[in-house]
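Please open the structure in your viewer and keep the selection tool at hand. The tour proceeds one selection at a time.

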Amino acid sequence: MKRYMFMILSLAFIIILGACSTNFGNMRPFDMKNFPEDRSRGPMMMGHGHHNMPLQQSTGENELRIPPILESDKEIGNEVYYTIEAQKGQTEIFEGIQTKTLGYNSSFLGPVMKLKKGQNVHIKLKNSLDEETTFHWHGLIIDGEADGGPHDVIQPGEEKEINFKVQQDRATLWFHPHPKGKTAKQVFEGLAGLIYIEDSKDDPFEYGENDFPLILQDRTFNNQKQLDYQFVQHPDGTMGESLLINGTLSPRLTVNNEKVRFRLLNGSNMRNYTIKLSNNQSFQQIASDGGLLNAPVELKELQLTPSERAEIVIDFSKFKKDEDIKLIMDDGTVLLPFQIKDKGKEVKNEIQEPLTPVTISNEEMQKQVSKEIVLFGMGHHVTINGKKFDMNRIDFTQKKGETEVWEIYNKPDMMGGMIHPFHIHGTQFKVISINGEEPPENLQGYKDTIALDPGDRAKIAVKFEEKGVFMYHCHILEHEDNGMMGQIKVE
Ligand SMILES: [Cu+2]
């Protein structure tokens, strides 16, 4: 009898809870009072138009925050020890207002972890959040046990140590949480940091002087200027109207009158950015996700989908001293105004050599397709090969050290479909073709994410250097959380 009472009570509780959450679900964030008053653009579009949510221009009132370099706990010969702690905090994003945020070793975002090729790295991972999390090393060649996918959960208050050897050449990677169904929320609230892989070759650029990270993230704040993910989340991917770069709202950057390298990361949940310079001059892309390209590529604009990185060099010495130069989006939205100082020196960005984080030969790129991936759907209905993620199901296997050709197809739906950035853990792959054609030059280097338009079909050459179970998924974080993810076991 007691058992029945308990069941009835639980049922009633679930129904009430359900009703509450439905209510929340209907309270979409289009109620104007939830937006900051100083919106410079027209009214927001509703419903599906959410995905065209415009971004507010940067007014340039705040100097860009430069993340600190993470100091090691100790270094003994080739062994280096770090501690990374996921924590809660408060951050002054708006003047005089504390916003509740998450961060690594700080209240918001994370430091830059510089790792050297050949080093043995030991990282103590601490979870000081109120919820479970994982620590995923995006783009790093690492074994499945240390990769920080949804299997590697660390409970609140607990810690764990991981060890790995840095095998790849210089590159800009990043780290972020990856717990099942909670990645989008935790990244939205601030968990993301950069990893720079360095090697023995000289680097002519100096951090914070003529070498700057730019972590692009869009966020919506409520009328208390808080990040309320429950309120703004959208199953197709959450977009925000406020741009933060390195956590700075309305940033500007003072640069020297010289060549400057920017390491761009699209750290947004779903927004794509096509960047360009306001004077329509070209810049050089020198590296993609996995490291340096074979040669710098001259570009006037560059698209970055969620999780993609690019290193670009802008030569400010080419411009007139008081020229008004800004980094903008293709629709003209100002992302980052620059202020050019007189100071400058001759910087040669001659660090370009063909690099090989993983070596995939031309011969291996001629192989037949042996794995097919079909990306499909929108919102809650996203799938890979018709299935949703199941932690207990291995979808593919591959032999360690053996290159296979994967074909990725973004199958359109009745509405047309959307761009899906497809990411594979634990490796850097090479793009063989997109719709049967050679990829553009800046996609011919190593990549860990490839963006596919609806109807696109790409062939990529994939090799894993380490064993374990690895995730592959769409990097629209809400799609990942909605099950657009599979697992490959490398033996
Ligand atoms: Cu997707």
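The stops below visit a metal site and then a strand with its partners. Please bear in mind throughout that the model is predicted.

**The copper ion**

Select the copper ion first. Which protein atoms serve as its donors? They are ND1 of His420, SG of Cys474 and ND1 of His479, lying 2.0 to 2.1 Å from the ion. Along the sequence, these donor residues follow the spacing H-x53-C-x4-H. Now colour strand β27 (residues 420–424) and strand β32 (residues 468–474): His420 lies in β27 and Cys474 in β32, so this pair ties together parts that are 54 residues apart in sequence.

Next, display the surface around two of these donors. Are they buried or exposed? Residues count as buried under 20% relative accessible area. His420 has a value of 0% and is buried; Cys474, at 1%, is also buried.

**Strand β20**

Move on to strand β20 (residues 309–315). Seven of its seven residues are buried, so the strand is largely enclosed by the rest of the structure. Show the side chains: Arg309, Glu311, Val313 and Asp315 point one way, while Ala310, Ile312 and Ile314 point the other way. In a regular strand, side chains alternate between the two faces of the sheet.

**The partners of β20**

Add strand β15 (residues 259–266), which runs antiparallel to β20 and is joined to it by seven bridges. Here Lys259 stands opposite Asp315 of β20. Finally, select strand β17 (residues 283–288), which pairs with β20 in the antiparallel sense over three bridges. Within this pairing, locate Gln285, whose bridge partner in β20 is Ile312.

How values were computed
Residues numbered from 1 in each chain as written. Predicted model: local features only at pLDDT ≥ 70, side-chain atom pairs only at ≥ 80, totals over all residues. Heavy atoms only, no water. Donors = N, O, S within 2.8 Å, 3.2 Å for Na, K, Ca; no water. Helix = DSSP H or I, 4+ residues; strand = E, 2+ residues; numbered from the N terminus. Buried < 20%, exposed > 50% of the residue type's maximum accessible area, 1.4 Å probe, protein only. Pairing = 2+ DSSP bridges.
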